[in-house]
Amino acid sequence: MTILLPAKSRDTNFTRTGCIAIILALLALPLRAQIGEHRDDLAVGGGAGVTLSSVGFMPKVSQGLHVGPTFGVAARYVCEKYYTMVCSVLGEVNFASLGWKEDILDPHDDKVINSVTGKAEEYSRTINYIQVPIFAHLAWGREVSGCNFFFQAGPQIGMYLGESTSKNFDFDNINLNDRSNKTHEQYSMKVEKKFDYGIAGGLGMEYSHPRLGHFLLEGRYYYGLGNIYGATKRDYFGVSNFSAITIRLTYLLDLKTTKDAKRK
């Protein structure tokens, strides 16, 4: 007898398998046998930025973007220049404020007014994490003095720190009758899964100066492969994973550079 998985389960398994394969392929690039110009450069520093996040709920919860800060430390090891591509590994340890902010609308896309307060209903959840991404960092352009363009991608894990809620209505007086999206079970549910994981990747530009160091500006996207709530048949939400866009500025200062290397 052949047992067919539901379409959602098959799609989820395929997505996770594909993401893991991409991660392994990218991380293997800087770690392969040396066939280009050897590099042995180490730079450390830190960075900060802003993260725009949401949670992919199923059943759906109508949302905008939750805006929160992110900041932390970073280190990059450059191991090889392969033709015009500079290969390195970059790791970070960051504080990040994620979450979701709901769009509480009626069927006409107008704000829902609470019958008790007379104000438009608002709700957001802030969830704080320590995040650790590890990237394969591939750059094209100047290494020492000038600009280069880079692409980076790799796995990211997150450890839950805490959460808080912002709302302007009482849960006992929710105006569900006027809402186009009536899902509200999330209001009473705290984060159940304290460990988050997924894949992140982004594009950016770097300016380098021989004495001042490296300045990196990038846009990054994170897709969570885990859920913040249980996802079994007994749980309310079948999916509850993060997605986030981060704009980040990072500064790195060289601690070690390759001797006798011809670099520009």
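Here are a few notes on the strands, one arginine and the cysteines of this structure, which is a predicted model.

1. Start with the β2 and β3 pair. Strand β2 covers residues 66-82 and runs antiparallel to β3, with 12 bridges joining the two. If you want a spot to look at, try T70, whose bridge partner in β3 is A96.

2. The turn between these strands deserves a glance too. β2 and β3 make a hairpin with two residues between them, and in that turn Y83 has a positive phi of about 55 degrees.

3. Now follow β3 to its other partner. β3 and β4 are also antiparallel, and 15 bridges join them. One pair to find is C87 and L138, the latter being the bridge partner in β4. As for β3 itself, the strand spans residues 85-101 and is mostly covered, with 12 of its 17 residues buried.

4. Next, R125, which sits in strand β4, residues 123-141. Is R125 buried or exposed? Its relative accessible area is 2%, so R125 counts as buried, given that the cut-off for buried is under 20%. The R125 side chain has a polar contact of 2.7 Å with the side chain of E163. The side chain of R125 also reaches the backbone oxygen of Q186, again at 2.7 Å.

5. On to the cysteines. How many disulfides does a search of the whole structure find? The count is zero. C79, for one, is in no disulfide: the nearest cysteine sulfur belongs to C87 and is 5.9 Å away. The cut-off for a disulfide is sulfur atoms within 2.5 Å, so a pair at that distance does not qualify.

6. The surroundings of two cysteines are worth setting side by side. C79 has 6% relative accessibility and so counts as buried. C147, on the other hand, has a relative accessible area of 45%, which means it is partly exposed.

7. Further along the chain, look at β6 and β7. Strand β6 takes in residues 195-209 and strand β7 residues 213-224, and they pair in the antiparallel sense over 12 bridges. A hairpin links β6 to β7 through three residues. For a single pair to locate, go to G198, whose bridge partner in β7 is G224.

8. Finally, β7 has another partner to check. Strand β8, residues 239-256, pairs with β7 in the antiparallel sense over 10 bridges. Here you can pick out Y221, which has I245 as its bridge partner in β8.

Notes
Residues are numbered from 1 along each chain as its sequence is written. This is a predicted model: local features need pLDDT of at least 70, side-chain atom pairs count only at pLDDT 80 or more; totals for chains, interfaces and linings use all residues. Side-chain values use heavy atoms; hydrogens and water are left out. Helices (H or I, at least four residues) and strands (E, at least two) are DSSP runs, numbered from the N terminus. Buried means under 20% relative accessible area, exposed over 50%, partly exposed in between (1.4 Å probe, protein chains only). A polar contact is a pair of N or O atoms within 3.5 Å; within protein, one must be able to donate a hydrogen and the other to accept it, and residues adjacent in sequence count only if both atoms are side-chain atoms. Two strands pair if DSSP finds at least two bridges between them.
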